[in-house]
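Subject: Handing over the structure

Hi there,

Here is the structure I promised to pass on to you. Please have it open while you read, since the notes make more sense with the model on screen.

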Amino acid sequence: MIKARQIAAKLNLNMKIEDVEYQGDGNKAIFYYIADERVDFRQLIKVLAEAFRVRIEMKQIGARQEAGRIGGIGPCGRELCCATWMTSFVSVSTSAARFQDISLNPQKLAGQCAKLKCCMNYEVDSYVEAQKKLPSREIELETKDGTYYFFKADIMANQISYSTDKNFPANLITISGRRAFEIISMNRKGVKPDTLIESERKPEPKKPIDLLEQESLTRFDKRHGSSDNTSNNSQNRKKKKSNNRPQQAQMRNEKENSRVQAQAPNDAQQVKEEQGSHNKPNRNNRDRNGRRNFPRPQERNKKDDQQVKE
């Protein structure tokens, strides 16, 4: 790289060679350079090819890419973003600093590449959204005490400081954005509040805490009380269960009686059917020859007498 810089200086080329990369096979070398204007480096490529015996490729990079290739530590104490994870470099303008209320000091806004810091774009969107919740800086707040002018604002905390003088801080009062919108709406209606500060609400008194409670002799009383309550609850549950038992037994008896009453007419009908079947001859009784075998009338009377005796 030093030799390439010397060759570029001999050819009077307005360029700065920053880095050189070789391919894995060693047949090609890429030279990264920085230049403000267009440079005719055709003669430079011929001289470099003769000197290094490889194919030469020239690539122009910007100041941000140069800082990324060199590396370093930023003012935040961490490694440069362009040297670690950033691949696409978006242009940064001073409007990002204005949205975030950053002082326009070039020494603080510039990074290692002598350009505006890339990190100024990271939180611009959140600042723009938070600034919508604050009133305009040109609006004046009128109270019975006097007129207050905008002095400064903490955008992310949603706090605004007002002064009684336009040019320098005097009698500064800091209020929230919600309170500022309330006063603006009151002024539009022709009402002036007494002061910018809201009326203070009396906080509720806190109960005293006994730090020596652990060493007191009655520290276990609460636990005993809680155990008594649990025992009483269990006894009440048992009583409820015992009171429910006779009701359950009564319900069971009623169900059994209803079943017996439902089965009684069915049993009586079955008895009648059996008696009728005894009186009727059995038509299916047949002998070996296939003839029907009917009982004689005397045998029928004997069977009926036996059934009556039984």
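Below is what was found, going from the overall make-up to the sheets, the pocket and a few single residues.

**Overall make-up**

Please keep in mind that this is a predicted model. The protein has ten helices and seven strands. Of its 310 residues, 21% are buried. If you take the contacts with a separation of 6 or more, 47% of them are between residues 24 or more positions apart.

**The three-stranded sheet**

Let me begin with the open sheet of three strands, whose order is β1-β2-β3 and whose pairing is mixed. Its edge strands are β1 (16-22) and β3 (55-60), and each of these pairs on one side only. From one strand to the next, the twist averages 25°. Helix α3 packs on this sheet and touches β1 and β2, with its direction at about 55° to that of β1.

The pairing of β1 with β2 (residues 28-34) is antiparallel and rests on six bridges. If you would like to trace the register, start at lysine 16, whose bridge partner in β2 is isoleucine 34. Then go to valine 20, which has phenylalanine 31 as its bridge partner in β2. The two strands form a hairpin with five residues between them. In the turn you will find glycine 26, with a positive phi of about 80°.

**The four-stranded sheet**

There is also an open sheet of four strands, in the order β4-β5-β6-β7, and here the pairing is antiparallel. Which strands stand at the edges? They are β4 (141-142) and β7 (173-176); each has a single partner strand, so one side of each is left without a neighbour in the sheet. Helix α8 (residues 177-188) packs on the sheet and touches β4, β6 and β7, and its direction makes about 95° with that of β7.

Within this sheet, strand β5 (residues 147-154) and strand β6 (residues 159-163) run antiparallel and are joined by five bridges. A handy place to look is alanine 153, which stands opposite isoleucine 160 in β6.

One more residue to visit in this part of the chain is asparagine 171, in the loop between β6 and β7. Asparagine 171 is not a glycine, yet it has a positive phi of about 55°. Its relative accessibility is 58%, so asparagine 171 counts as exposed, the cut-off being over 50%.

**The largest pocket**

Next comes the largest pocket, with a volume of about 450 Å³. It is lined by 22 residues, and those closest to its centre are Gly74, Pro75, Leu80, Cys81 and Cys119. Two elements, α3 (63-70) and α4 (81-84), give two or more residues to the lining. The most comes from α4, with three residues. What is the lining made of, in terms of nonpolar, polar and charged residues? It divides into 14 nonpolar, four polar and four charged residues. You have met α3 already: it is the helix that packs on the three-stranded sheet.

**Residues around α5, α6 and α7**

A few residues between the two sheet regions are worth a click as well. Glutamine 100 is in the loop between α5 (94-99) and α6 (106-109). Is glutamine 100 buried or exposed? Its relative accessible area is 13%, and the cut-off for buried is under 20%, so glutamine 100 is buried. Leaving aside residues up to four places away in sequence, it touches Met120, Val124 and Tyr127.

Proline 106 lies in helix α6. With a relative accessibility of 60%, proline 106 counts as exposed. Its C-alpha is 8.1 Å from that of leucine 116, and the two are ten residues apart in sequence.

Last on my list is alanine 114, in the loop between α6 and α7 (124-131). Like asparagine 171, alanine 114 has a positive phi although it is not a glycine; for alanine 114 the value is about 70°. At 65% relative accessibility, alanine 114 also counts as exposed.

Happy browsing, and do write back with any questions.

Best wishes

Conventions. Residues are numbered from 1 along each chain as its sequence is written. This is a predicted model: local features need pLDDT of at least 70, side-chain atom pairs count only at pLDDT 80 or more; totals for chains, interfaces and linings use all residues. Side-chain values use heavy atoms; hydrogens and water are left out. Two strands pair if DSSP finds at least two bridges between them. Contact means heavy atoms within 4.5 Å. Axes are lines fitted to C-alpha atoms, for helices over the stretch in contact, and angles run from 0 to 180 degrees between N-to-C directions. Buried means under 20% relative accessible area, exposed over 50%, partly exposed in between (1.4 Å probe, protein chains only). On a 1 Å grid over the protein atoms alone, a cavity is a set of points where a 1.4 Å probe fits but cannot get out, and a pocket is an open set with protein on both sides within 12 Å along at least five of seven lines; lining residues have an atom within 4 Å of a point. Grid points are joined across faces, edges and corners, and a volume is the space filled by probe spheres set on the points. Ala, Val, Leu, Ile, Met, Phe, Trp, Tyr, Cys and Pro count as nonpolar, Asp, Glu, Lys and Arg as charged, and the others, Gly among them, as polar.
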